[in-house]
Each structure stands twice: as structure tokens, then as C-alpha cells.
Amino acid sequence: MSLGIAEFDRVLGGGLVPGSLVLLGGEPGIGKSTLLLQVCSHVARDHGTVVYVSGEESPQQVRLRAERLGVSGERILLLAETDLDAILQHLEATAPMLVVVDSIQTMSLDGVTGAPGSLSQVRECTVALMRFAKQRTVSVLLAGHVTKEGAIAGPGTLEHIVDVVLYMEGERHSAYRLVRGVKNRFGSTDELGVFEMVANGLVEVENASLVFTGGKGHAIGSVIVPVLEGSRPLLVEIQALTTPAGFGPPRRVANGFDVNRLLLIAAVLTKRARMRLSDQDVIVNVTGGLRIAEPAADLGVALAIVSSLRDRPITPGLVVFGELGLGGEVRGVSQPVRRLGEAGRLGFAGCVLPSESKLGASDGQGLQLLKVSSLSQAVARAFERDGGPSGEPAD
């Protein structure tokens, strides 16, 4: 069942499976209730009756949000209740197409010990809703709070019970929101949905690469890397800053990138490319609030660090991707053609990529392909004006 929001359908694997139980987690104020109310509007318009169970807000508060979002409320039934036994009775009598519970931490069942939000209450309420969803073939969307560590409150409890777990992410002061799947019994967990928060709600971002690049990577310490988020290629900007360490040992700080991977890259740069980082603080940032997990960004991070260390930008118009090995070799990554296609679509001129990338005669997408097999070669090709005649980086 399509929810009428293509980015949300993408993360779910094409749409909502009837009888499924979906959990949407995120920090307070990130936009979960806004997105769920917009989903209710589309489903009510295209498919049938929707029941929105509000355990945190009064009907008047929900109405104010609906008016701001332009939701008419037709075929949307609002139930302000926290007693799950009473809620299930209403649902049995209504037989809706979709049920939204905002949030599961406010629900309680008679006969279960603990206050609403406790581990026992959250678990038993989720099991009761799962039983209803499976028996009546009604899809249920749950909103869930997250802990300080960023995990769904009641760690592991809800994630094992529900069919789909989604996380809503984003910087508090940024207009962009990311919906990422971490569990999906009906589809891939690698998909990513990108939204922008505007005055009348969340709108889909059609060209997500422009959100995460912010330019063509001409700045010092900035490199554009094509990464894959499920079936979608994205161009992201990776920034690095190296500064002389003050008192104490040099620091390694990463935002949106695995700090252990950063330590590995810094060690390879020191050993294999003869870059002096032992007295430098190294800070790496992925712009736009995105988190990169795939190793294809290794080479981009390394070249961003070199750019900052040399205080020179890489050759304008280049994108970079490749995995780094401990021996300084650049290894191939999956689906290079799709990465090159996204770079070509956005007007980039060339790409530094692993020499073992399997490409056809027409797979270059009009880009100048600079194939490299080692980190030293990659540094020389990315800084053509700085490289020595032997292909080794200049001192």
C-alpha cells in the first residue's frame, strides 16, 4: 500500500505491507508526529479510514498541527486515549486501513505492572498491537522515543517485536531530516529518505545530492564522494581539518564517520604516503548530518586530510571513491557505474577511482577517469600540480 510519500515508500521497500507493525523512532521535536500525520492524510485520501491515537497531545493540539499542514481530517478518526484496552475496542469497531499510535511510550494495559513507558508496559502494549495487526490485517505505525544514546527506548525490546524499524535523524538546527531503515522484514534496510522541514510540514527532497555537497568541493580540505544508500547514489561532501596539536596527544575527531576508520586512514597516510600526522589534530566532518558507513569513502577522507595538511584544494571538478587497505592499496567498491552516473549528472568533470573498477567503454559517463592502485598514486592524481614526476606526493 503506497503511503503517497515516495521517500517514505522507498525506505519501507515500496510501501506499507498490510498487517505490518512499523516503529518510527527519533529524538523529541525531530518531526515524527508531523510525518505520521501527513501519512494519515495521504492514506485516508487514497485508501480508506485511518485512526490516529494521540497519547501525548490533546485533540486541540493535533487539530492545530493538522491545520498548519493542510490536513482536512476527512476519514481520519482521532482518539486521545492511553488505555490500550479501550483503544483496541475502538479499533475493533472501526476496522480502519491504518492505525497510528503516537507514542507507544504513553500506552498502558490493565494487569501489567509498571507505569506507562516502563519496559514491561512498552513490551506488552507492542505485543497486543502486533496481535491486532496480524489478526485483522491492519497496518500499525508506532512513534517511539529514543534514549540519550540514540536507541529506541526499551533497548532491543521493540525492535525484536515489530516488523520494521525506522529512525528519523537530522541536526536540530538543520531543515533536513533523514529517515533510515535499520530493520525490515519485507525489504532492504539500506534505503534512505530525505525530507526538508518547511512551514507546512515535511516535503520530499528530489535531488538529495545537492543537499550534501554544497558546491563542487573546491575548498581546502573538502572532497566530494559518491556513496550508495540502498539503491540511491548520493554525492556527499567530506571535510577535513588538520591543526597542530597543543598540549597532550593529537586528537582524532569524526562527525558522521566512524572514528575507528579514521584512525586506520590516518595510520595508512603516515606509513604509506609519508604524511606527518603525529603532531596534528585531525577532524573529519560529513556535511548535511549524513552518516557514512561504507568503505568507499576511505579514499575521499584520506584526500581531504591531505588537502588540509598541504593547505591546497584538490583539482577542481573531481569526485573520489575507493576503499583503502592497510598496505596503502586502493581497492574496488561496488557499483562504480551508478556512482559515476550521479557525478556526471551533477556536472563533475573527473573521478579518482580504483584501477580494478570494472567499467565498459561507455560507463565513464563523460568523466575523465583517473584510475589509481595505491594511495600515493591517488594523492598525485588528485593534486596534479603538486605531484612529483615519479607519481609520489611532493614533500
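This is a dialogue on reading backbone and helix features in a predicted model.

Colleague: Where should I look for a cis peptide bond here, and in which element does it fall?

Modeller: The bond from Asp102 to Ser103 is cis, its omega being near 5°, and Ser103 is placed in the loop between β4 (98-102) and α5 (119-136).

Colleague: Which residues of helix α4 are buried, and what do they pack against?

Modeller: The general idea is that an α-helix has 3.6 residues a turn, so residues three or four places apart point the same way. In α4, which covers residues 84-94, the buried residues are Leu84, Ala86, Ile87, Leu88 and Leu91, and they pack against β2 (50-54), β3, β4 and α5.

Colleague: What caps the N-terminal end of α4, and what phi does Ala95 take just after the helix?

Modeller: The cap is Asp83, which places a side-chain oxygen 3.1 Å from the backbone nitrogen of Asp85, while Ala95, just after α4, has a positive phi of about 55°.

Colleague: Where is Arg75 found, and is that residue buried or partly exposed?

Modeller: Arg75, although not a glycine, has a positive phi of about 65°, and this residue belongs to the loop between α3 (59-69) and β3 (76-79). With a relative accessible area of 39%, Arg75 counts as partly exposed.

Colleague: And Asp311, where is that residue found, and is Asp311 buried or exposed?

Modeller: Asp311 is likewise not a glycine, yet has a positive phi of about 60°, and the residue sits in the loop between α9 (298-310) and β14 (318-320). Its relative accessible area is 53%, and exposed means over 50%, so Asp311 is classed as exposed.

How values were computed
Residues numbered from 1 in each chain as written. Predicted model: local features only at pLDDT ≥ 70, side-chain atom pairs only at ≥ 80, totals over all residues. Heavy atoms only, no water. Helix = DSSP H or I, 4+ residues; strand = E, 2+ residues; numbered from the N terminus. Buried < 20%, exposed > 50% of the residue type's maximum accessible area, 1.4 Å probe, protein only. Contact = heavy atoms within 4.5 Å. Polar contact = N/O pair within 3.5 Å; in protein donor to acceptor, adjacent residues only side chain to side chain.
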